[in-house]
Amino acid sequence: MQHEIFHHRLQGIFTIINTNKIKYLSLVCTLALLPACDETIKVADVCSKNINICSDFQEDNWCRRERREALVTYHSQQVSKQESLKYNLLLNYEKYEACMKKASLIEHKKFKEKKHLRITNYMNAKKRIKALSDETINSEDPLLLYYHWSRNNNKVALEKLLALEGSKAIENTESQFNLATYYVKRDIKKAFNFLFHALELYKQGEEINSEIFKSLTTLFLDKKKYNQAYIWLKVLNLHSLEDDENTEKTLDNYAEAFNLDRDLLDKVAKTTLKNIEAGTFVKPKN
């Protein structure tokens, strides 16, 4: 019974996190964690050099952050020609498309042209996703292989991705997390290993994908290892929602429900996050 309550409250916490993530993600640009979003690049400069995409994604009061990320990522990929940035670009196209789809549903009695503009932006985003997806269908980049499997159930792409296990090609946090999401329902031990190794690969100063903390919390909860589940939930709390009173109260309830030593576990969580942020994290032996 307590286990079910824990799961229910955990979902509540993750809802809070997702609500607040809009503010958080505006700082990190994208969960893909690739060097594509440069806060120093101005949209006006991007549009002066990339007229077509700015014409496709016309400026609007809605989805400004998503539009900026898509435009800057497009510009970065055009300049660097880096294949892996196309993965980042696809993700940012998707975020812009989802935002514009929502915005296009808003009815304007006085400004009907706004609805037309948003529908146009939404459709153009869909077209760009399709075009870039088609363009990268035969890519050997592990991030794009994951994209084509996760979005299109491309079995060939999945086979190629899995064949890269243990190679230098996937020695990056993004690929480690992607493989963890594949194994989470197939091989829990592998899922844990990939998640922990993703944390080991972070270097000091890099933005951290908080989805890793969520995944570890959930996996440990499923295994009924409540001490570990608490630690990673606390790490998530410290990393993303440090001042959220609701989450702190929920953590109190968990500690009490499972008779946990919260003071000790809080210290472990703080040390763990400190090591991850410093680039010195080493996965647990057990």
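Is Asn259 buried or exposed? Asn259 is exposed, with a relative accessible area of 70%. This residue belongs to a predicted model, and the report below describes its confidence, two unusual backbone angles, its nonpolar core and one pair of packed helices.

**Confidence of the prediction**

The chain has a mean pLDDT of 87, and 83% of its residues reach 70 or more. Residues 15-36 stand apart from this description: over them pLDDT stays under 50, and the model has 53 contacts beyond four places in sequence for this stretch.

**Two residues with positive phi**

Most residues other than glycine have a negative phi. Cys63 is not a glycine, yet its phi is positive, about 60°. Asn259, also a residue other than glycine, has a positive phi near 55°. Cys63 is found in the loop between helix 3 (51-56) and helix 4 (64-80), whereas the place of Asn259 is in the loop between helix 13 (245-257) and helix 14 (262-278). Their surroundings can be set beside those of Tyr202, which lies in the loop between helix 10 (188-200) and helix 11 (211-222).

| Loop residue | Relative accessible area | Class |
|---|---|---|
| Cys63 | 6% | buried |
| Asn259 | 70% | exposed |
| Tyr202 | 2% | buried |

Tyr202 counts as buried because its relative accessibility of 2% falls under the cut-off of 20%. By the corresponding cut-off, Asn259 counts as exposed because its 70% is over 50%.

**The nonpolar core**

In soluble globular proteins, nonpolar side chains tend to be buried together. In this model, the largest nonpolar core has 73 residues. Those that touch the most other members are Phe57, Tyr93, Leu199, Ile212, Phe213, Leu216 and Trp232. Leaving aside neighbours within four places in sequence, Ile212 is in contact with Phe177, Leu195, Ala198, Leu199 and Tyr202. Tyr202 also illustrates how the fold brings together separate parts of the chain: Tyr202 and Thr173 are 29 residues apart in sequence, but their C-alpha atoms are 6.9 Å apart in space.

**Packing of helix 7 and helix 8**

Helix 7 (residues 142-152) packs with helix 8 (residues 155-163) at an angle of about 140°, and the two axes are 8 Å apart. Their crossing is left-handed. From helix 7, Pro142, Leu145, Tyr146, His148 and Trp149 take part, and they meet Ala157, Leu158, Lys160 and Leu161 in helix 8. By class, this contact has seven nonpolar residues, one polar residue and one charged residue.

Technical notes: Residues are numbered from 1 along each chain as its sequence is written. This is a predicted model: local features need pLDDT of at least 70, side-chain atom pairs count only at pLDDT 80 or more; totals for chains, interfaces and linings use all residues. Side-chain values use heavy atoms; hydrogens and water are left out. Axes are lines fitted to C-alpha atoms, for helices over the stretch in contact, and angles run from 0 to 180 degrees between N-to-C directions. Helices (H or I, at least four residues) and strands (E, at least two) are DSSP runs, numbered from the N terminus. A crossing is left-handed if the near helix is turned anticlockwise from the far one by less than a right angle, and right-handed if clockwise. Contact means heavy atoms within 4.5 Å. Ala, Val, Leu, Ile, Met, Phe, Trp, Tyr, Cys and Pro count as nonpolar, Asp, Glu, Lys and Arg as charged, and the others, Gly among them, as polar. A nonpolar core is a set of buried Ala, Val, Leu, Ile, Met, Phe, Trp, Tyr and Cys residues joined through side-chain atoms within 4.5 Å. Buried means under 20% relative accessible area, exposed over 50%, partly exposed in between (1.4 Å probe, protein chains only). pLDDT is the predictor's confidence in each residue, from 0 to 100.
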